[in-house]
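Here is a set of questions on how labels are earned. Each answer sets a value against its cut-off.

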Number of protein chains: 2
Amino acid sequence: MASLRSYRLLSSRLSSAACRGPTHKGIRWASSAVSQDPMTGELISLPDIEVSKLETVTTDSPKPLPSSSQLVFGRTFTDHMLTIPWSANKGWGAPKIQPYGPLSLPPSATVFHYAQELFEGLKAYRDESGRVTMFRPDMNMKRMNTSAKRVALPSFNGEAVIELLKELIRKDKHWIPDIPGYSLYIRPTLIGTQAALGVQPPDEALLFVICSPVGPYYPTGFKPIALYGTTEYSRAAPGGIGAYKLGANYAPGVVAQKEAAAKGYSQNLWLHGPEHHITEVGTMNTMIVLKQADGATELVTPPLDGMILPGVTRDSVLTLARGHASGEAPIEGLPSKLIVSERPITMKEVKEAGQNGRLVEFFGTGTAAVISPVDKIGYLGEDLHIPTGEDGMGPVSRPIWKHLVGIQSGSIEHPWSVTVTEH
Amino acid sequence: MASLRSYRLLSSRLSSAACRGPTHKGIRWASSAVSQDPMTGELISLPDIEVSKLETVTTDSPKPLPSSSQLVFGRTFTDHMLTIPWSANKGWGAPKIQPYGPLSLPPSATVFHYAQELFEGLKAYRDESGRVTMFRPDMNMKRMNTSAKRVALPSFNGEAVIELLKELIRKDKHWIPDIPGYSLYIRPTLIGTQAALGVQPPDEALLFVICSPVGPYYPTGFKPIALYGTTEYSRAAPGGIGAYKLGANYAPGVVAQKEAAAKGYSQNLWLHGPEHHITEVGTMNTMIVLKQADGATELVTPPLDGMILPGVTRDSVLTLARGHASGEAPIEGLPSKLIVSERPITMKEVKEAGQNGRLVEFFGTGTAAVISPVDKIGYLGEDLHIPTGEDGMGPVSRPIWKHLVGIQSGSIEHPWSVTVTEH
């Protein structure tokens with residue numbers, strides 16, 4: 001995690017440089033780790049998040065555990081939550097694990113007005129031996145800090161938050177249903193809580209984490225979805241925020257999703273620019289599998305060009321596929337001649353591949369579903385059909401999904417799986 | 001307000017059409033005024049906002065009035081606030097004027113995660129006779145409904161909310177400082193409060209209004225500002241949300257502002273696309289005045305192409321200038337030969353106008369400052385200097401500002417000024 005730490009220090013330096021610049025009426029530059037003494041002008045180091053300062057208040061009215069069969073994503077939350085306050089003057093305060101309950105905020109809090117908010121989503125799994133693990137939490141903490149920097153929210157020591165996540169999960173581990181495919185969805189969130197209106201870095205913020213037990217996304221086997229190719233709205237643009245997990249990326253996408261549903265499709269496919277470049281599927285990354293003329297199989301995903309969210313599942317799929325392609329970590333069932341490409345791809349190319357019988361698969365990747373196969377894309381008034389196997393998957397997604405879920409569930413040993421507790 | 005009402009009904013029809021479309025796992029389409037009976041499938045009309053249902057709870061601990069000389073924008077709030085709850089099943093509930101105080105929301109509320117939020121800003125003024133007025137509140141209500149539709153938040157009867165704003169302002173009218181140039185800033189806000197995670201139209205929402213007394217933006221006369229032409233970040237893009245007053249437009253702009261300040265400029269100028277089209281100044285609309293070859297004066301502002309916020313001050317400046325240009329409502333001091341253009345304009349054109357001595361003025365327009373003159377633009381490493389008069393203003397901005405402020409302060413009678421109370 002050395003890179004995270006140095007990222008944070010760099011970020012602090014940038015902020016403190018801004019402190020020396022001219023100030024505009026009512027604007028004060030906040031930094032997570034460095035502040036300027038109002039009397040002497042000297043730079044002061046502010047506290048980062050410290051695990052040793054954790055206070056824990058246990059609920060005296062634990063909720064009954066929900067029936068596993070009736071879990072709906074994000075509707076039920078565990079008994080406790082983690083909160084960590086931040087202020088521009090005092091830095092990060094003491095972390096607290098406390099009973100799950102409402103946040104009380106002034107109506108002037110900037111999170112309500114200017115979307116000073118970002119979040120992450122990751123899961124904790126229980127394996128057959130009772131061990132509880134998280135999947136690649138370092139990736140979420142790295143992205144959370146990157147997101148924070150993009151909207152001038154405070155950055156923090158990601159390692160410390162991973163330790164605090166472990167504490168929280170241990171506290172509520174009985175909420176992870178003891179059934180294969182079930183898990184605990186963990187939602188770290190960072191909001192600006194400054195009590196005064198003004199479009200500027202907030203002088204107060206709150207990091208909080210809530211947890212929700214979830215069932216499998218496809219309880220009765222994979223169901224390929226139909227996508228509507230959205231050309232009326234855009235999700236992201238150069239110089240914008242598409243590459244960051246900010247709240248501001250989500251509310252504006254709801255109408256595109258709503259219109260896709262009204263037309264009979266489950267999700268929308270975000271197409272960018274005049275050439276209709278493929279970007280994301282709803283709130284997932286996109287993967288396309290093509291058969292090349294020489295018989296090789298190409299796994300294509302749009303590059304991280306500033307408009308694509310750097311998904312943890314995206315990175316995991318690419319890493320596993322590259323390990324197989326290089327021969328370093330072969331995965332049973334994957335095509336022997338596999339090429340992994342992060343490159344731009346347009347609807348024209350996908351459509352032509354479909355017409356030439358070279359379109360092998362199209363799927364979304366994300367934390368919720370891991371892999372979501374697609375069997376149809378509505379595009380400019382026509383439906384493009386995409387092959388799927390009897391199980392709903394295809395020759396690349398099937399072995400990768402099995403391997404990835406094996407790592408997540410603990411049946412395959414892998415450093416991506418981080419132990420929370422042995423039982 | 002007939003147009004507002006019909007807009008709202010249209011919006012409801014669109015939502016109810018979506019109800020009949022296929023539904024995706026966990027997604028339910030919310031509508032502000034029409035819902036579907038879960039048993040019979042029939043469409044049910046839901047209550048809109050009704051002024052007659054207003055409940056008022058007066059504070060028993062009024063705050064001391066702040067010293068007028070120490071008011072800072074958005075830091076002090078009056079004794080009361082207005083809240084109006086909405087739910088997908090029950091429509092809009094009873095409006096309530098109650099003591100200003102914290103909102104208590106579950107940490108899973110969608111406003112914290114997906115930026116389901118939008119706001120408005122308008123002002124109430126007290127004239128010499130003691131009469132209190134609002135400036136063009138119908139424009140704010142129209143835009144608020146347009147914004148709501150863009151992020152699938154509920155729409156509402158804007159006329160009713162204007163009446164409720166009047167009630168709230170009457171309740172706290174003693175908070176408007178009795179000093180020329182001072183006013184009461186009113187902040188209507190609409191947030192999604194659904195207690196469950198999920199990127200979809202929320203099933204609960206809250207409209208709230210808070211008020212803050214504010215002093216003049218330029219207490220000691222106009223101070224022209226220096227802008228930094230931002231090419232590293234973009235504020236808006238085609239198919240995006242730039243034309244809507246959504247929270248999601250604001251947090252992402254803070255870093256551009258912060259970097260402009262670090263380089264020694266007060267605000268940033270948003271330039272769009274490879275040709276560096278001029279769009280907005282920080283959080284203001286942009287106006288440019290050019291001298292044409294035939295001696296005519298042209299007032300230019302970028303058109304409402306989907307990337308520009310339809311500002312109330314922008315519209316007011318254009319309407320006053322057009323009234324003068326047509327001869328229907330001449331304004332003393334404005335050039336006799338005035339052309340008003342809503343058209344695209346690039347930095348290249350502005351720079352060339354500056355080199356040819358044809359650049360007369362450059363200013364921002366917005367509710368806070370009304371008019372903000374600009375005297376310098378840092379662009380690609382060079383500073384472009386813009387003429388300003390001794391009073392900081394120019395031949396177009398000066399007479400328009402005087403006229404507009406005359407209307408707002410009540411010294412010029414105009415239908416834009418809506419009476420809240422006679423004394």
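The questions below cover cysteines first, then the contact of two chains.

This is a predicted model, where local features need pLDDT of at least 70, side-chain atom pairs count only at pLDDT 80 or more, and totals for chains, interfaces and linings use all residues. Residues are numbered from 1 along each chain as its sequence is written, chains are lettered from A and ligands numbered from 1 in the order in which they are written, and side-chain values use heavy atoms, with hydrogens and water left out.

Q: Why is C211(A) called buried?
A: Its relative accessible area is 1%. Buried means under 20% (1.4 Å probe, protein chains only), with over 50% exposed and partly exposed in between. Therefore C211(A) is buried.

Q: What makes C211(B) buried?
A: C211(B) has a relative accessible area of 1%, so it counts as buried.

Q: How many disulfides does a search of the whole structure find?
A: Zero, over all chains. A disulfide would need a pair of cysteine sulfur atoms within 2.5 Å.

Q: How many residues does the contact take from chain B and from chain A?
A: Chain B gives 74 and chain A gives 75. Contact means heavy atoms within 4.5 Å.

Q: How many salt bridges are counted between chain B and chain A?
A: Zero. A salt bridge needs a side-chain nitrogen of Lys or Arg within 4 Å of a carboxyl oxygen of Asp or Glu.

Q: Which element of chain B gives the most to the side that touches chain A?
A: Helix 5 of chain B, with six residues. Helices are DSSP runs (H or I, at least four residues), numbered from the N terminus.

Key. Helices (H or I, at least four residues) and strands (E, at least two) are DSSP runs, numbered from the N terminus.
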